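Please look over the model shown here before reading on. Some questions about its fold and packing come after it.

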Amino acid sequence: MMSADEKFMRYALRLGRRGLGRTSPNPPVGAVIVIGDRIIGKGWHRRCGLPHAEIEAIKDAERKGITDFSGATMYVTLEPCTHYGRTPPCAEELVRRGFKRVVIGTTDPNPVVNGRGVSFLRSSGIEVVVGVLEREAKRLIEHFRTFITQKRAFLAVKWAQSIDGKIACEDGSSQWISSDAARRFAHKLRDTHDVVIVGAGTVMADNPRLTVRLVKGRNPVRLIVGGRRKLSASLEVFNDNAARTILVTPSNEPFCDGEPRGKVEIWRYDDSGGGLPRLRWILRRLASEGLTSALLEGGAKLIGAAFEEKVADRIYAIVSPKIIGSSGINSVEARLAATMDDVLGLDDVTVKKLGEDVLITGIPRYKVR
């Protein structure tokens, strides 16, 4: 049976998810204020530079004419901050407002905060409970946690495959392996990540727009990992100006066979060793710009590289009840395991139906050697 603390924290988590893909480099956070069993205020962090979730919840209560918080409990998915950044510290505001109790989903991994908010609130006489629905609260900030602790963008890897593990037929065609429901889910993923990454081969084969269209949302930054080959100037991503577009290439030559209408930003890398750029380098450069999450959508070589470099933080594998056969293109192009002892397993696995497809999510369990 769900406790009252779990019930209100679950609602705060739902609010916090509204900020996914919008708060970078800050984490998404939700907050709910309760007196007795009644919610009197709610809020979430909407965008970096705007008030944090706790302050949004207080303002929501004030709009209803409530200014006395002496008997109130604040439910917040992440430990309140104690430092001055773009906004004043939330922990001080909770003390100033006289909150009786604060319930926290998880502590803040940022070393500037980590534990200080909890200590400050307790030393000020506020009852503090930490770890309510902690697993869900940590999942909400997984992008931010990687950004803070590893100094790189979090990388989610998504692909759609046939039931026999193929992402395309022999001729390269792949539209559409997955169902309408699965494609809507893919667009929702784009909406909740800062950047979408694809290889040049995928762009040439599918000519995707890499925008959010099937659900309501905003377009991520588009990043194309290219080699030295020229791309077609007629590609959608080079002409629609729907989002910031980056091409990663080693070449100083023109990157396409004509003049695209859209603006394309070039990131150059040294390929003297041959091959594609290191994904870790790309993710660190994204983090240096305050972009905390990226969604890798293909192709097979890039997906394989993400596992080889051990930078794939979460996978979303959509499995369709179709069979392509041995002539198809494998979903992951990498030599990861010679024996079953070397197989890459997954933690935190969930399975869900998406139309006629099955969605499998999980966290890669990398072995430390």
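The questions and answers below concern a predicted model.

Q: What is the order of strands in the open sheet of nine strands?
A: The pairing in this sheet is mixed. Neighbouring strands are turned by 20° against each other on average, direction ignored. The order is E11-E10-E9-E8-E12-E6-E13-E16-E15.

Q: Which strands stand at the edges of the sheet?
A: An edge strand here has a single partner strand, so one side of it is left without a neighbour in the sheet. The strands in this position are E11 (265-268) and E15 (345-354).

Q: In what sense do strands E6 and E12 pair?
A: E6 covers residues 154-162 and E12 covers residues 293-296, with four bridges between them. Phe154 stands opposite Ser293 in E12. The sense of the pairing is parallel.

Q: What angle does the direction of helix H9 make with that of E11?
A: H9 (residues 279-288) packs on the sheet. Its contacts there are with E6, E8, E9, E10, E11 and E12. The angle between the direction of H9 and that of E11 is about 130°.

Q: Why do the buried residues of helix H4 line one face of the helix?
A: In H4 (residues 116-123), the buried residues are Gly117, Val118 and Leu121. Seen down the axis of H4, they line one face because they fall within an arc of 100°.

Q: Which elements do the buried residues of H4 pack against?
A: The packing of these buried residues involves one helix and two strands. They are helix H3 (90-97), strand E4 (101-106) and strand E5 (127-130).

Q: How do the residues of the contact of H2 with H3 divide into nonpolar, polar and charged?
A: The two helices pack at an angle of about 35°, with their axes 10 Å apart. From H2, Glu54, Ile55, Ile58 and Glu62 meet Cys90, Glu93, Leu94 and Arg97 in H3. The division is four nonpolar, no polar and four charged.

Q: Is Asn239 buried or exposed?
A: Asn239 lies in the loop between strand E9 (221-225) and strand E10 (245-249). A residue counts as buried under 20% relative accessible area. Asn239 has 13%, so it is buried.

Q: Which backbone nitrogen lies 3.0 Å from a polar atom of the side chain of Asn239?
A: The side chain of Asn239 also reaches the backbone oxygen of Ala233, at 2.7 Å. Residues that Asn239 touches include Ser234, Pro260 and Gly262. The backbone nitrogen at 3.0 Å is that of Arg261.

Conventions:
Residues are numbered from 1 along each chain as its sequence is written. This is a predicted model: local features need pLDDT of at least 70, side-chain atom pairs count only at pLDDT 80 or more; totals for chains, interfaces and linings use all residues. Side-chain values use heavy atoms; hydrogens and water are left out. Buried means under 20% relative accessible area, exposed over 50%, partly exposed in between (1.4 Å probe, protein chains only). A polar contact is a pair of N or O atoms within 3.5 Å; within protein, one must be able to donate a hydrogen and the other to accept it, and residues adjacent in sequence count only if both atoms are side-chain atoms. Contact means heavy atoms within 4.5 Å. The arc is that of the directions from the helix axis to the C-beta atoms. Axes are lines fitted to C-alpha atoms, for helices over the stretch in contact, and angles run from 0 to 180 degrees between N-to-C directions. Ala, Val, Leu, Ile, Met, Phe, Trp, Tyr, Cys and Pro count as nonpolar, Asp, Glu, Lys and Arg as charged, and the others, Gly among them, as polar. Two strands pair if DSSP finds at least two bridges between them. Lists of a residue's contacts leave out its neighbours within four places in sequence.
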